[in-house]
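Biologist: I would be grateful for a close look at the pockets of this protein and at the parts around them. Please set out what lines each space and then turn to the neighbouring elements.

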Amino acid sequence: MEHNFHPESLMMSYGYNPQWSENAVKCPIFQTSTFVFNSAEDGKAFFELAYGKREAQPNEVPGLIYSRLNNPDLQILEERLCLWDGAEQAAVFESGMSAITTVLLEFLKPGDLLLYSRPVYGGTDHFINEVLPKFGVDIIEFYAGQSQEDIISNLEKTGKADKLKLVYVETPANPTNAQIDFEICQAIKEKYSNEDNQVIFAVDNTYMGPLWQHPLRHGADLVLYSATKYIGGHSDIIAGAVLGSNELMIRVKTLRTFLGNMAGPWTGWLLMRSLETLKIRMEKQQENAVKVADFLRNHPKVNHVYYPGHLDENSKDFKIFQKQCTGPGAMVAFEVIGGEKEAFTVLNQMKLIKLAVSLGSTESLAQHPRTMTHAGVPEEDLQRFGVTDSLVRLSVGVEHYEDIIWDLEQALDKI
């Protein structure tokens with residue numbers, strides 16, 4: 001009898017047969033640099049596929065060659081990652097930034113135009129604004145809340161709209177949870193795509209992880225993650241991932257091969273371990289975040305809370321959230337009454353919550369975006385995005401919610 005298992009069930013075994021490894025119930029770590037060919041003909045066939053010299057025959061599986069190209073831990077992990085987003089292929093990288101930069105370098109060339117949303121993660125912002133221009137790539141930005149007409153008008157004013165090659169968005173935006181409408185991005189992609197120029201639509205989905213938002217189902221061509229965050233979820237690895245169609249992922253994986261920024265077997269194995277509990281962890285984190293956000297909203301020393309679960313039902317952001325997300329997530333930002341001094345007081349007085357950057361891990365983490373993760377963003381842009389001196393970003397973990405709230409309450413009392 002056939003049965004369609006849910007992704008959380010398939011995370012335990014999908015893509016792996018215990019008979020391959022002495023009947024070990026879990027995939028072992030394949031700590032090797034190279035793999036033996038059964039014949040010279042096999043070696044030739046494997047390299048033909050690896051270098052894109054021909055397409056695979058029906059039921060032909062690419063063979064193992066060298067761990068810079070492929071490794072069992074990486075391949076099985078990538079197959080399992082595809083299940084959450086419904087992707088045809090995935091590629092895992094040694095960091096989230098290497099995933100992002102590989103996509104940008106593969107799909108942009110000198111003279112191309114990049115349209116991207118702001119705010120984005122500080123590292124992404126730096127690469128787009130400080131590195132891509134050195135390669136002759138033109139850049140134009142847009143913001144959450146801008147209409148499709150305004151974005152198109154600004155594109156046309158550049159005189160380079162016909163050179164648009166990539167639409168890159170991060171939503172909800174880091175750190176304010178601002179919502180970017182996938183429908184607008186998809187419409188812009190279609191407007192400027194033609195036979196000679198296929199515009200790519202890519203989404204950094206790190207903030208929502210593979211559980212609360214699925215961009216590929218809303219017209220995106222590629223979805224990117226800092227797999228360090230929810231996918232890894234234990235603050236013990238650095239990794240990134242890109243997922244999409246076979247056609248686009250062949251290009252991403254080919255460039256990964258020659259940049260040499262793929263993840264190693266240990267990282268692959270640790271991420272496979274983490275995928276087994278991803279849904280349980282993320283659901284608990286979201287459950288806690290709802291309670292924490294509600295507490296903060298009612299605290300007299302908190303000026304404003306940025307959380308998708310608190311969006312006004314009559315707002316544009318709420319309508320976008322309803323269309324795109326399956327839950328409000330576990331990222332909360334809040335402004336204390338005061339400024340940097342008061343925000344630092346809260347951060348310095350926390351007992352349970354860790355003062356650290358990153359997000360999506362089992363432990364709760366808090367930081368000050370203006371002086372930490374977004375320190376490299378120009379002052380005028382921080383003002384425009386609402387990244388103020390009093391803003392604190394909180395990644396809610398799996399601890400008991402009453403303890404998280406107690407910690408926040410005693411820290412806020414110190415103001």
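Modeller: Helix H3 supplies 7 residues to the lining of the largest pocket, the largest share that comes from any element. The model is a predicted one, and in it this pocket encloses about 1,300 Å³ of space. Its lining comprises 38 residues, and Pro62, Asn70, Gln75, Gln89 and Lys253 are those that lie nearest the centre. Besides H3 (72-85), the elements that give two or more residues to this lining are helix H2 (40-50), strand S1 (89-93) and helix H10 (246-259). By class, 20 of the lining residues are nonpolar, 11 are polar and 7 are charged.

Two of these elements, H3 and S1, also take part in covering helix H11. The buried residues of H11 are covered by elements that include H3, S1, H9 and helix H12 (278-297). H11 spans residues 265-275 and is mostly covered, with 8 of its 11 residues buried. The buried residues are Pro265, Thr267, Gly268, Leu270, Leu271, Met272, Ser274 and Leu275.

Helix H9 leads on to the second largest pocket, since at least two residues of that lining come from each of helix H4 (96-107), strand S6 (222-226) and helix H9 (228-232). The second largest pocket holds about 360 Å³ of space. It is lined by 21 residues, of which Tyr121, Thr206, Ser226, Lys229 and Ser358 lie nearest the centre. This lining divides into 9 nonpolar, 8 polar and 4 charged residues.

Thr206, Ser226 and Lys229 appear once more in the lining of the largest cavity, together with Gly209, Pro210, Tyr225, Tyr230 and Ile231. Helix H8 (209-212), S6 and H9 are the elements that give two or more residues to that lining. H9 gives the most, with 3 residues. The volume of the largest cavity is about 30 Å³, and the count of cavities of 30 Å³ or more is 1. Its lining consists of 4 nonpolar residues, 3 polar residues and 1 charged residue.

H4, named above for the second largest pocket, is also a packing partner of helix H5. The buried residues of H5 pack against H4, strand S2 (113-118), strand S3 (138-143) and strand S4 (164-170). H5 covers residues 122-131, and Gly122, Thr124, Asp125, Phe127 and Ile128 are its buried residues.

Ser358, one of the residues nearest the centre of the second largest pocket, brings the account to the later part of the chain. Here 5 strands form an open sheet of mixed pairing, in the order S8-S9-S12-S11-S10. Strand S8 (302-306) and strand S10 (354-355) are the edge strands; each has a single partner strand, so one side of each is left without a neighbour in the sheet. Strand S9 (residues 331-336) and strand S12 (residues 391-395) run antiparallel and are joined by 5 bridges. In this pairing, Ala333 stands opposite Arg393 in S12. Helix H14 (residues 340-349) lies across S9, S10, strand S11 (365-367) and S12, and it runs at about 130° to S9.

Technical notes. Residues numbered from 1 in each chain as written. Predicted model: local features only at pLDDT ≥ 70, side-chain atom pairs only at ≥ 80, totals over all residues. Heavy atoms only, no water. Pairing = 2+ DSSP bridges. Helix = DSSP H or I, 4+ residues; strand = E, 2+ residues; numbered from the N terminus. Contact = heavy atoms within 4.5 Å. Axes fitted to C-alpha atoms, helices over the stretch in contact; angles between N-to-C directions. 1 Å grid on protein atoms, 1.4 Å probe; cavity = no way out; pocket = protein on both sides within 12 Å on 5 of 7 lines; lining within 4 Å. Points joined across faces, edges and corners; volume = space filled by probe spheres on them. Nonpolar A, V, L, I, M, F, W, Y, C, P; charged D, E, K, R; others polar. Buried < 20%, exposed > 50% of the residue type's maximum accessible area, 1.4 Å probe, protein only.
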